Amino acid sequence: MSCVHYKFSSKLNYDTVTFDGLHISLSDLKRQIMGREKLKAADCDLQITNAQTKEEYTDDSALIPKNSSVIVRRIPIGGVKATSKTYVMTPKSHKSLETTFRSRSEPVSGTSKATGVRHYTNPGSLVLIA
């Protein structure tokens, strides 16, 4: 019996997949790892990288030699989605914002001593202090 040692990038210890022959295809290795780790193929894909050479295996028909060590990472099936949102500012959103605060002992710079009111505007525009 031949084997390939694998570990997820977040784990410390290697696990082993056994197979017959001198090589295992990348698709067979992924299938065995997903079965052992109870992962569903519909939820994610696996990125397999050689632990010694840092070469990433991308072709499902690529042959991985016996006694190799690989690093496994789970990746989303559809690729990575952007998490940041883009906001467009319209002229109506350039209104000044007024915030009231309480000072413990003396007014903070940028405040009106008489009212305790600080005036804010949108970033990139002039700040007017009354």
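**Exercise 1. Cysteines**

Task: Establish how many disulfides the structure holds, and say whether Cys3 and Cys44 are buried or exposed.

Solution.
- Step 1. Searching the whole structure turns up zero disulfides. The model is a predicted one.
- Step 2. Recall the chemistry: a disulfide is a covalent bond between the sulfur atoms of two cysteines.
- Step 3. Take Cys3. Its relative accessibility is 15%. Buried means under 20%, so Cys3 counts as buried.
- Step 4. Take Cys44. Its relative accessibility is 10%, so Cys44 counts as buried too.

**Exercise 2. The overall layout**

Task: Write down the order of the secondary structure elements, then describe burial, contacts and surface for the whole protein.

Solution.
- Step 1. Count the elements. There are one helix and nine strands.
- Step 2. Read from the N terminus. The order is β-β-β-α-β-β-β-β-β-β.
- Step 3. Turn to burial. The protein has 130 residues, and 28% of them are buried.
- Step 4. Look at the contacts with a separation of 6 or more. Residues 24 or more positions apart account for 47% of these.
- Step 5. Finish with the surface. About 9900 Å² is exposed, and carbon and sulfur atoms supply 53% of that area.

**Exercise 3. The opening hairpin**

Task: Describe how strand 1 is joined to strand 2.

Solution.
- Step 1. Locate the strands. Strand 1 covers residues 2-8 and strand 2 covers residues 15-19.
- Step 2. Find the direction. The two run antiparallel, with five bridges between them.
- Step 3. Trace the connection. A hairpin of six residues leads from strand 1 to strand 2.
- Step 4. Pick out a facing pair. Ser2 stands opposite Phe19 of strand 2.

**Exercise 4. The largest nonpolar core**

Task: Find which residues touch the most other members of the largest nonpolar core, and which elements supply two or more residues to it.

Solution.
- Step 1. The core has 19 residues. Those touching the most other members are Leu29, Ile33, Leu46, Ile48, Val70 and Val72.
- Step 2. Two or more residues come from each of strand 1, strand 2, helix 1, strand 4 (44-50) and strand 7 (69-76).
- Step 3. Helix 1 gives the most, with four residues.
- Step 4. Zoom in on Val72. Leaving aside neighbours within four places in sequence, its contacts include Ile33, Leu46 and Ile48. Tyr6, Lys7, Phe8, Ser9 and Gln47 are in contact with Val72 as well.

**Exercise 5. Two salt bridges**

Task: The whole structure has four salt bridges. Work out where the partners Glu37 and Lys11 lie, then do likewise for Arg31 and Asp28.

Solution.
- Step 1. Start with Glu37 and Lys11. Their closest N and O atoms are 3.9 Å apart.
- Step 2. Place them. Glu37 sits in the loop between helix 1 and strand 4, and Lys11 in the loop between strand 1 and strand 2. The pair links distant parts of the chain, 26 residues apart.
- Step 3. Check accessibility. Glu37 is partly exposed at 24%, and Lys11 is partly exposed at 41%.
- Step 4. Move to Arg31 and Asp28. Here the closest N and O atoms are 2.7 Å apart.
- Step 5. Place this pair. Both residues lie in helix 1, three residues apart, about one turn of the helix.
- Step 6. Check accessibility again. Arg31 is exposed at 53%, whereas Asp28 is partly exposed at 31%.

**Exercise 6. The network at Lys30**

Task: Determine which residues join Lys30 in one salt-bridge network, and classify each by burial.

Solution.
- Step 1. Lys30 belongs to helix 1 (residues 26-36). Its relative accessible area is 12%, so Lys30 is buried.
- Step 2. List its contacts beyond four places in sequence: Asp45, Leu46, Ile48 and Asp60.
- Step 3. Take Asp45. It forms a salt bridge with Lys30, with the closest N and O atoms 3.5 Å apart. Asp45 lies in strand 4 and Lys30 in helix 1, 15 residues apart.
- Step 4. Asp45 has 30% relative accessibility and counts as partly exposed.
- Step 5. Assemble the network. Salt bridges with shared partners join Lys30, Asp45 and Asp60.
- Step 6. Place Asp60. This residue is in the loop between strand 5 (56-57) and strand 6 (63-65). Asp60 is partly exposed, at 40%.
- Step 7. Add the surroundings of Asp60. Beyond four places in sequence, it contacts Ser25, Leu26, Ser27 and Lys30. Asp60 and Ser25 are 35 residues apart in sequence, yet their C-alpha atoms are 6.7 Å apart.

Conventions
Residues numbered from 1 in each chain as written. Predicted model: local features only at pLDDT ≥ 70, side-chain atom pairs only at ≥ 80, totals over all residues. Heavy atoms only, no water. Pairing = 2+ DSSP bridges. Buried < 20%, exposed > 50% of the residue type's maximum accessible area, 1.4 Å probe, protein only. Contact = heavy atoms within 4.5 Å. Areas by Shrake-Rupley, 256 points an atom, 1.4 Å probe, with all protein chains shown as cover. Disulfide = S-S within 2.5 Å. Core = buried A, V, L, I, M, F, W, Y, C linked by side-chain atoms within 4.5 Å. Salt bridge = Lys/Arg side-chain N within 4 Å of Asp/Glu carboxyl O.
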